[in-house]
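Please read the following as a guided walk through a single protein chain, beginning with how far the coordinates can be trusted and then turning to a few local features.

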Amino acid sequence: DSPILPIPQDDLPSSAHLSPGPTHMPSLSSSTDPAHPTFTPLSSNPLTDPPSPSTPTAPSSPDCTSVSPTPSSPPVELPSALPASLPVTLPLPDSHPIPRRSERIKRPPSHFQEYQAHHSVLLTPDVVSSSTSGTRYPLHKHISYFGLSSNYCNFVCNVSRLVEPTNYEQACRDPKWVAAMQSELHALDANHTWSLVPLPPGHRPIGCKWIFRIKYHSDGTVDRYKARLVAKGFNQREGIDFHDTFAPVAKLITVRCLLSIAAVRHRPLHQMDVQNAFLHGDLQEEVYMLPPPGSRRQGEQVVCRLHKSLYGLKQAPRSWFRKFSSAICGIGFKQSRADYSLFTQAHGSSLTIILLYVDDMIITGNDEDAICKLKHFLGSQFRIKDLGPLRYFLGVEVARSQSGISICQRKYTLDILAEAGLLGAKPAKIPMDHDLVLLSTGELLKDPTRYRRLVGKLIYLTITRPEITYAVNTLSQFMQEPRRQHLDAAYRLLHYLKEAPGQGLLFPSQNQLKLIGYCDADWARCPITRRSVTGYCIFLGNALVSWKSKKQVTVARSSAEAEYRSMAATTCELTWLRYLLQDLRVNHSEPAKLFCDNQVALYIAANPVYHERTKHIELDCHTVRERIEKGDIKTGYVQTGEQIADIFTKPLKAPVFSSLLGKLSVIDIHSPT
């Protein structure tokens with residue numbers, strides 16, 4: 001990009017035709033002396049725009065400088081014939097023009113497509129731009145950490161910074177994970193989990209694999225690198241390798257109710273983790289397993305005869321829960337009938353609560369001394385680790401302030417976007433187009449496992465994102481034979497998640513612990529089966545604790561029937577929640593309020609006379625009316641525009657969707673605004 005040297009009029013050949021052209025920028029001239037020729041900017045053509053002696057001299061600037069050749073410079077020789085359409089450019093050794101800055105969006109090299117980059121540090125908005133981030137929609141515009149406290153910000157950054165390996169080949173390269181695997185093998189050996197024996201005839205061994213997790217303290221520092229050996233229990237044969245398998249786990253609704261009550265009554269929340277929990281259960285069946293990866297010796301023909309339960313076995317959760325429940329009930333705890341993973345102990349005004357989810361537990365109560373005694377007892381019975389205040393439970397990030405408790409799945413959402421390659425995608429305002437109709441037609445996916453894996457992750461994301469429940473429910477109906485349009489709809493949902501990755505739920509500290517329910521139905525919503533969609537949401541005061549979007553099991557003959565079936569489903573949920581609150585020592589003497597926007601369904605609930613319209617839904621009529629007569633539920637009418645449950649029955653336009661979303665007690669503590 002050398003500067004263009006003007007051509008004196010006397011040196012032009014007489015045969016050259018010079019046509020006047022528009023002047024783009026005035027010429028910059030330092031002198032009209034022939035010994036100091038004038039230089040023209042690059043935007044002008046020296047052949048069509050010759051310098052004029054009457055052109056005023058512009059002041060010098062840092063971006064434009066005049067360069068004059070020295071008297072000793074050799075003269076420039078021009079060709080005898082010069083085309084009129086081509087400018088003449090001659091290099092000057094002493095000139096340093098300013099390089100042109102490209103406005104093209106920068107992207108990573110193509111040979112990096114097989115690699116995955118993990119976010120570790122979020123740059124400030126004044127540093128990050130579309131040119132430095134490589135995307136037109138950088139992530140920092142949708143998620144921020146500046147509104148968090150220093151301790152919680154350190155925790156969030158540490159959780160996002162470290163990457164867990166996905167297989168043994170990745171872990172064996174890191175000494176920390178190698179040490180974690182050796183520690184796990186030593187623990188298994190000390191517990192006499194198996195013995196190495198030759199495989200008996202007629203038996204088939206099952207495989208095993210390593211699972212790697214990083215355990216954090218409440219301040220975000222690493223507690224330990226945990227390697228867990230998991231048996232491939234999906235290869236077990238019923239009646240040979242296992243018999244009974246059922247074991248209860250904590251319902252996520254119970255977790256939300258527990259957090260809501262703890263926020264209102266200012267109770268502490270402690271998290272504890274049982275190390276090698278499943279190893280405490282005794283195995284009654286004869287099960288053989290291949291040696292763990294990394295410990296197999298070439299030429300050996302031995303297998304592991306299991307004596308203790310192991311993670312992954314179908315009967316392992318049942319064995320562990322049986323041992324834990326018997327130990328905890330032996331010291332006076334009472335098992336809840338509403339949620340069998342909930343244990344409570346009350347002595348006068350003292351209350352202690354344990355909620356167990358496999359080997360992770362939440363402990364809360366109003367007596368710190370009783371909680372300390374409980375921790376000491378659990379430590380004497382099992383290998384247990386105290387993780388401090390509740391911060392990270394089952395992939396859910398928990399933050400607490402004077403306003404209440406908030407939960408979100410920020411890291412989980414970002415991991416989904418990163419796996420799909422959509423961290424730089426354009427965000428969307430709604431999770432699904434309001435006029436989208438998904439059918440079982442179109443091109444089949446060559447690899448349906450990618451779609452199934454993505455939808456499975458989205459199902460778990462609905463723990464803290466109620467507004468995507470309907471979209472996820474619709475996508476999950478095509479898991480058997482997913483097609484291209486279904487995958488496109490799933491990616492559209494990911495674009496919506498990009499809008500607010502840190503969005504979650506808020507359980508306010510100023511709240512009335514009273515049940516309020518909203519139910520709705522979309523008649524004949526499914527275009528394939530013409531079955532209706534039931535949607536409901538239940539609040540504990542102002543905190544959303546339960547919601548559902550589900551296709552009804554039968555075809556409704558009228559919209560009133562569909563709405564009434566939705567009322568029956570919500571009535572069952574409200575009844576169960578009343579029992580749960582009773583176990584949590586929350587007095588709820590008032591009837592739970594249930595709002596519906598269909599007056600015919602409300603009349604059916606209040607009318608004790610059966611007629612032509614209601615005789616085929618008699619069972620549901622009994623369910624609702626029985627609870628109304630007992631005083632457990634009180635129905636009420638709500639206008640369609642104020643029906644919050646409408647967001648769980650159909651895709652909505654952006655204004656309506658945003659209006660209803662604001663009523664679901666959602667919060668985004670990571671919002672840049």
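In this predicted model, pLDDT stays under 50 over residues 5-92, although the model still has 81 contacts beyond four places in sequence for that stretch. Residues 118-132 likewise keep a pLDDT under 50, and for them the model has 20 contacts beyond four places in sequence. Across the protein the average pLDDT is 81, and 78% of the residues score at least 70.

With that in mind, strand β19 offers a place to look in detail. β19 covers residues 592-596, and its side chains alternate along the strand: A592, L594 and C596 are buried and point to one face, whereas K593 and F595 point to the other face and are not buried. On one pairing, β19 runs parallel to strand β16 (residues 515-522), with 4 bridges between them, and here K593 in β19 stands opposite I516. A further parallel pairing links β19 to strand β20 (residues 633-637) through 5 bridges, and within β20 it is I633 that serves as the bridge partner of A592.

The surface deserves a separate look. A nonpolar patch is formed there by V437, L439 and I528, which together have about 240 Å² of accessible area. Of these residues, V437 lies in the loop between α8 (410-420) and α9 (448-461). Is V437 best described as buried, partly exposed or exposed? V437 counts as partly exposed because its relative accessibility is 47%, and the partly exposed class lies between under 20% for buried and over 50% for exposed.

Note on methods
Residues are numbered from 1 along each chain as its sequence is written. This is a predicted model: local features need pLDDT of at least 70, side-chain atom pairs count only at pLDDT 80 or more; totals for chains, interfaces and linings use all residues. Side-chain values use heavy atoms; hydrogens and water are left out. Patches are made of residues with over 30% relative accessible area and no salt bridge: like charges are joined within 9 Å, nonpolar side chains (Val, Leu, Ile, Met, Phe, Trp, Tyr) within 5 Å. Accessible areas come from the Shrake-Rupley method with a 1.4 Å probe; for residues, only the protein chains shown count as cover. A salt bridge is a side-chain nitrogen of Lys or Arg within 4 Å of a carboxyl oxygen of Asp or Glu. Helices (H or I, at least four residues) and strands (E, at least two) are DSSP runs, numbered from the N terminus. Buried means under 20% relative accessible area, exposed over 50%, partly exposed in between (1.4 Å probe, protein chains only). pLDDT is the predictor's confidence in each residue, from 0 to 100. Contact means heavy atoms within 4.5 Å. Two strands pair if DSSP finds at least two bridges between them.
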